[in-house]
2 protein chains.
Amino acid sequence: MRNDTILLEHGSGGRASRRLVEELLVPYLTNQVLERLDDHAEIELEGTRLAFTTDSFVVDPIFFPGGDIGKLAVNGTVNDLAMGGAKPLFLSAGLILEEGLPIADLERIMNSMAEATKKAQVHIVTGDTKVVAHGAADKIFINTSGVGLIPKGVALSGHHGEVGDRVLISGPIGEHGIAVMAQRSDLDFVASCKSDTAPLADLVAQMLYAYQGIHSLRDPTRGGLAATLNELAVQSGVRIEVEESAIPITESVESACELLGLDPLHLANEGVLVALVPAEGASLVLDAMRNHPLGHKAQIIGEVCSKKLPAVILRTPIGGKRVLAVPTGVQLPRIC
Amino acid sequence: MRNDTILLEHGSGGRASRRLVEELLVPYLTNQVLERLDDHAEIELEGTRLAFTTDSFVVDPIFFPGGDIGKLAVNGTVNDLAMGGAKPLFLSAGLILEEGLPIADLERIMNSMAEATKKAQVHIVTGDTKVVAHGAADKIFINTSGVGLIPKGVALSGHHGEVGDRVLISGPIGEHGIAVMAQRSDLDFVASCKSDTAPLADLVAQMLYAYQGIHSLRDPTRGGLAATLNELAVQSGVRIEVEESAIPITESVESACELLGLDPLHLANEGVLVALVPAEGASLVLDAMRNHPLGHKAQIIGEVCSKKLPAVILRTPIGGKRVLAVPTGVQLPRIC
């Protein structure tokens, strides 16, 4: 850690984030559960397997097309539990409010959290509220932590990818990133882009019901699909090859990215998941995804090719291959 | 809610905080567990009784005599679990970092969190880190959530107070509040005051081992002993009478309060607990407390007197009685 202060890129979800976590934070708190660096921790209590996870939300702006910080905070933690194969059950909500926040904004956010919990069938059972002086925070930050139940027989982890696994994605990428970006910049031409924020637990349940042997699930949020595929490659110690043309993307996100010079593979998603599935189960899982409203545009986009040096290789439409690197720097700070 | 924006006093732990939570936040998220407004939520999973709790820490300054924001964040959540009679087991840590925070400060805080988890025998098993631009937060905010196991036969809640219960306190009040205040103002004359931040779970275990029938436990943090006693009175629907002269307080806190015009009953504590105990168990519990390093100055300070209008009555040294009101306004913002 040569830089002597925290930089924005430490929050990017890319290389600097990972270094901060792996080299500075985790070593202090060393334990086997934390060191797995999955989206969830698996803990066992009197024979019951629980998933436990936490996420703080600092998205700017707090309201954006398709959602707001409240909806995002519920869905984000629901999804981290779901990526562990857990049934999300109970959430906590920790609010940090800036003095001067309009009460009407807070009410709108609470209403949105309430709706999101109903939709995801979870309950916020404990909470905390702090207030800091004007200028000591930016409007509202929300932490949600979550507890879920991992069904017997389910064992999902980013470490479980194996050669031959197919890489599946549940839907088109980049919509959350572009929606927040559009709102931030008042860009009219991307007005049709809405955040994809959605609870993925029911989709995951359908996928596991179709084929329980799924190896890994992860939702490509901060750092986008590029960061997520690289995390899976590193954790499982495998080389992942992906067909660029197979990655679903909407026309509006694609043209927004072209105009703004953004890479859709680095954009955050809040209602999309990536799965590593043994070849024998891939079409079962794909069918289950396509039969679900949140997965009807699902695609098989690649496969796990070898145990060589962990990396993600993108096969381009013209037949070339390039390494898909972990994002460096900050494309869009405070995206979630 | 007549004010149309969030005010600092909404974070005070007193009357405005309670109104914000009860009138605005809880109604949106209505469920029986949250509505109890205990420090912890009790949830049952496959017959296992868990305590689940969350707290965000925004203390200013982040380093103070006796501790720092990291130690406070671990102990605070450990204590909320302990107040439910639970054995604290697993914690999450959600960091919000301000761009420009010196890495050395972050390392010092992580080191402190690590030491605190060892001392409290808990593990941080899941985490999250966000970074916001300089000026969008103040150095560092930490959320910790916690999961603990509630032993069979233990049923603690702020709602369980009954007429005849004795009110016990584990140690002298106001030390955390004065320590933070002193650090904030560079006041030399209170240099001997240190925060009392400490994990109370072991003390609670000893108390429950001595007498399992304890009705209520609560740690008087924000809003101090005054807010906590009033919460217990309202939740249990009882009148609590307290002998002012029996409340333990150190000379240094007392003289600091006199000089600064602060009421020690409103000052935050981070290593003190209040217990409502049936008369038959009071001396057993008191002995257990006094045999523990964190309770050797424990006192019986009052009792639950009637089911009349919920209130806290302070019997003064000269034989008078006055209502101990919930703190209004903000004595010390960002105390935890």
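# Reasoning from cut-offs to labels

User: Why is B:Arg18 called partly exposed?

Analyst: In this predicted model, B:Arg18 has a relative accessible area of 24%, and because the partly exposed class lies between the buried limit of under 20% and the exposed limit of over 50%, the label follows from that value. B:Glu22, with a relative accessible area of 36%, is partly exposed by the same reasoning.

User: How do you know that B:Arg18 and B:Glu22 form a salt bridge, and what separates them along helix H1 of chain B?

Analyst: The N to O distance between their side chains is 2.9 Å, and since a salt bridge requires the nitrogen to lie within 4 Å of a carboxyl oxygen, the pair qualifies. The two residues are 4 residues apart in helix H1 (residues 15-28) of chain B, and are therefore separated by about one helical turn.

User: What makes A:Glu241 and A:Arg315 a salt bridge, and which parts of the chain does the pair link?

Analyst: Their side chains meet with an N to O distance of 2.7 Å, which is within the 4 Å cut-off. The pair joins distant parts of chain A, with A:Glu241 in strand E10 (residues 239-243) and A:Arg315 in strand E13 (residues 311-315), 74 residues apart.

User: Is A:Glu241 buried or exposed, and how do you know?

Analyst: A:Glu241 has 6% relative accessibility, and because buried means under 20%, A:Glu241 counts as buried. A:Arg315, in contrast, has a relative accessible area of 22% and is partly exposed.

User: Which lysine forms a salt bridge with A:Glu241, and what is the accessibility of that lysine?

Analyst: A:Lys321 forms it, the closest N and O atoms being 3.1 Å apart, again within 4 Å. This pair also links distant parts of the chain, from strand E10 to strand E14 (residues 321-323) of chain A, 80 residues apart. A:Lys321 has a relative accessible area of 55%, and since exposed means over 50%, A:Lys321 is exposed. A network of salt bridges links A:Glu241, A:Arg315 and A:Lys321 with A:Arg239 and A:Glu243.

User: Why are H3(A) and H4(A) called roughly parallel to each other?

Analyst: The axes of helix H3 (residues 69-82) and helix H4 (residues 103-120) of chain A cross at roughly 30 degrees and come within 7 Å. Because angles under 35 degrees count as roughly parallel, that is the term for H3(A) and H4(A). The crossing itself is right-handed, and the residues that meet include A:Ile69, A:Val74 and A:Val78 in H3(A), and A:Ile109, A:Met113 and A:Ala116 in H4(A).

User: What makes the relation between chain A and chain B that of a two-fold axis?

Analyst: A turn of 180 degrees, with a shift of 0.0 Å along the axis, lays chain A on chain B with an RMSD of 0.0 Å, and that is the relation of a two-fold axis. In chain A, the C-alpha nearest the axis belongs to A:Ala137, 2.0 Å from it. The same surface serves both copies, given that 100% of the contact residues of chain A recur in chain B.

User: How do you know that A:Val238 is buried, and what does A:Val238 touch?

Analyst: A:Val238 sits in the loop between helix H7 (224-236) and E10 of chain A, and because its relative accessible area is 0%, under the limit of 20%, A:Val238 is buried. Leaving aside residues up to four places away in sequence, A:Val238 touches several residues, among them A:Leu232, A:Val304, A:Pro310 and A:Gly161. A:Gly161 is 77 residues apart from A:Val238 in sequence and 7.4 Å apart in space, C-alpha to C-alpha.

How values were computed: Residues are numbered from 1 along each chain as its sequence is written. Chains are lettered from A and ligands numbered from 1 in the order in which they are written. This is a predicted model: local features need pLDDT of at least 70, side-chain atom pairs count only at pLDDT 80 or more; totals for chains, interfaces and linings use all residues. Side-chain values use heavy atoms; hydrogens and water are left out. Buried means under 20% relative accessible area, exposed over 50%, partly exposed in between (1.4 Å probe, protein chains only). Copies are superposed by least squares on the C-alpha atoms of residues with pLDDT of at least 70 in both. Contact means heavy atoms within 4.5 Å. Axes are lines fitted to C-alpha atoms, for helices over the stretch in contact, and angles run from 0 to 180 degrees between N-to-C directions. Angles under 35 degrees count as roughly parallel, over 145 as roughly antiparallel, 65 to 115 as roughly perpendicular and the rest as oblique. A crossing is left-handed if the near helix is turned anticlockwise from the far one by less than a right angle, and right-handed if clockwise.
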